Amino acid sequence: DLEGERSARKTLGVSQSAKMEDIKSAYKKLALLNHPDKVKGNNENKNDEEFIKIQEAYEILKKIEKRKEKKNNNKEKNTPIKQKKRSNSPRASGSSAEQRQQYQQKAQQEDSL
């Protein structure tokens with residue numbers, strides 16, 4: 001959802017237009033700063049909660065990006081291939097000798113007009 005995406009971007013401190021590589025970079029920096037094994041002191045519980053928030057925000061944005069990629073890939077696959085225009089000529093359509101003959105007669109009639 002849009003609100004979840006905004007919240008996740010705010011948690012990681014990235015803009016709405018940030019690319020996935022920028023998001024990943026911000027995530028890594030914040031994760032290192034708030035990792036429970038790296039931070040010792042009085043605020044361990046607060047740091048644990050912050051670290052979990054950062055991880056969840058990154059996961060949300062990663063899922064959204066994967067959905068967008070999948071959606072774009074499906075659009076590309078479902079795009080109809082343009083077909084060449086077929087000629088009215090019986091040879092182009094691979095029709096029978098009788099149809100070719102009718103086509104020639106019709107062409108001769110039009111020429112005589």
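Buried here means a relative accessible area under 20%, and it is in this sense that Asn47, Phe51, Ile54, Ala57, Tyr58, Leu61 and Ile64 of helix α3 are called buried in the legends that follow. The views are taken from a predicted model.

**Figure 1. The protein chain is built from five helices and zero strands.** Read from the N terminus, the order of the elements is α-α-α-α-α. Of the 113 residues in the protein chain, 19% are buried. When contacts between residues at least 6 apart in sequence are considered, 46% of them join residues at least 24 apart.

**Figure 2. Helix α3 is shown with the residues that it buries.** With 35 residues at 1.5 Å a residue, α3 should span 51 Å, and the separation of its end C-alpha atoms, 51 Å, agrees with that expectation. The buried positions along α3 include Asn47 as well as Phe51, Ile54 and Ala57, and the cover over the buried residues of this helix includes α1 and α2.

**Figure 3. The largest nonpolar core contains 13 residues.** Within this core, the members that touch the most other members are Leu12, Val14, Ile23, Tyr27, Tyr58 and Leu61. Two or more residues are given to the core by each of α1 (2–12), α2 (20–34) and α3 (44–78), and the largest share, five residues, comes from α3. Leu12, when neighbours within four places in sequence are left aside, is in contact with Ile23, Ala26, Tyr27 and Leu30, and also with Ile54, Ala57, Tyr58 and Leu61.

**Figure 4. Helices α1 and α2 pack with their axes 9 Å apart.** The angle between α1 and α2 is about 55°, and the two helices are therefore oblique to each other, given that an angle from 65 to 115 degrees would count as roughly perpendicular and one under 35 degrees as roughly parallel. On the α1 side the residues that meet α2 are Arg9, Thr11 and Leu12, and their counterparts in α2 are Ile23, Ala26, Tyr27 and Leu30.

**Figure 5. Tyr27 and Tyr58 form a stacked aromatic pair.** A search of the whole structure finds one aromatic pair; its ring centres are 4.2 Å apart, with 10° between the planes. Because Tyr27 belongs to helix α2 and Tyr58 to helix α3, the pair ties together parts that are 31 residues apart in sequence. Tyr27 counts as buried at 19% relative accessibility, and Tyr58 is buried as well, with a relative accessible area of 8%. Apart from residues up to four places away in sequence, Tyr58 touches Leu12, Met20, Ile23 and Lys24 in addition to its ring partner Tyr27.

**Figure 6. Arg9, in helix α1, is a buried residue with a relative accessible area of 5%.** Once neighbours within four places in sequence are set aside, the contacts of Arg9 are with Val14, Ser15, Gln16, Ala18, Ile23 and Leu61. Tyr58, in helix α3, lies 49 residues from Arg9 along the chain, yet the C-alpha atoms of Tyr58 and Arg9 are separated by 8.3 Å.

**Figure 7. Ala31, in helix α2, is seen with its contacts Phe51 and Ile54.** Ala31 has a relative accessible area of 10% and is buried, and its two contacts, listed without neighbours within four places in sequence, are Phe51 and Ile54, which are themselves among the buried residues of α3. From Ala31 to Leu12 the distance is 9.7 Å, C-alpha to C-alpha, although 19 residues of sequence lie between the two positions as a separation.

**Figure 8. Asn34, also in helix α2, counts as buried at 13% relative accessibility.** Beyond its neighbours within four places in sequence, Asn34 is in contact with Val39, Asn47, Glu50, Phe51 and Ile54. Of these contacts, Asn47, Phe51 and Ile54 are among the residues that α3 buries. Phe51 and Ile54 are listed as contacts of Ala31 and of Asn34, which links this view to the preceding one.

Terms used. Residues numbered from 1 in each chain as written. Predicted model: local features only at pLDDT ≥ 70, side-chain atom pairs only at ≥ 80, totals over all residues. Heavy atoms only, no water. Core = buried A, V, L, I, M, F, W, Y, C linked by side-chain atoms within 4.5 Å. Buried < 20%, exposed > 50% of the residue type's maximum accessible area, 1.4 Å probe, protein only. Helix = DSSP H or I, 4+ residues; strand = E, 2+ residues; numbered from the N terminus. Contact = heavy atoms within 4.5 Å. Phe/Tyr/Trp six-rings, centres within 6.5 Å; stacked < 30°, edge-to-face > 60°. Expected span 1.5 Å × (residues − 1). Axes fitted to C-alpha atoms, helices over the stretch in contact; angles between N-to-C directions. Parallel < 35°, antiparallel > 145°, perpendicular 65-115°, else oblique.
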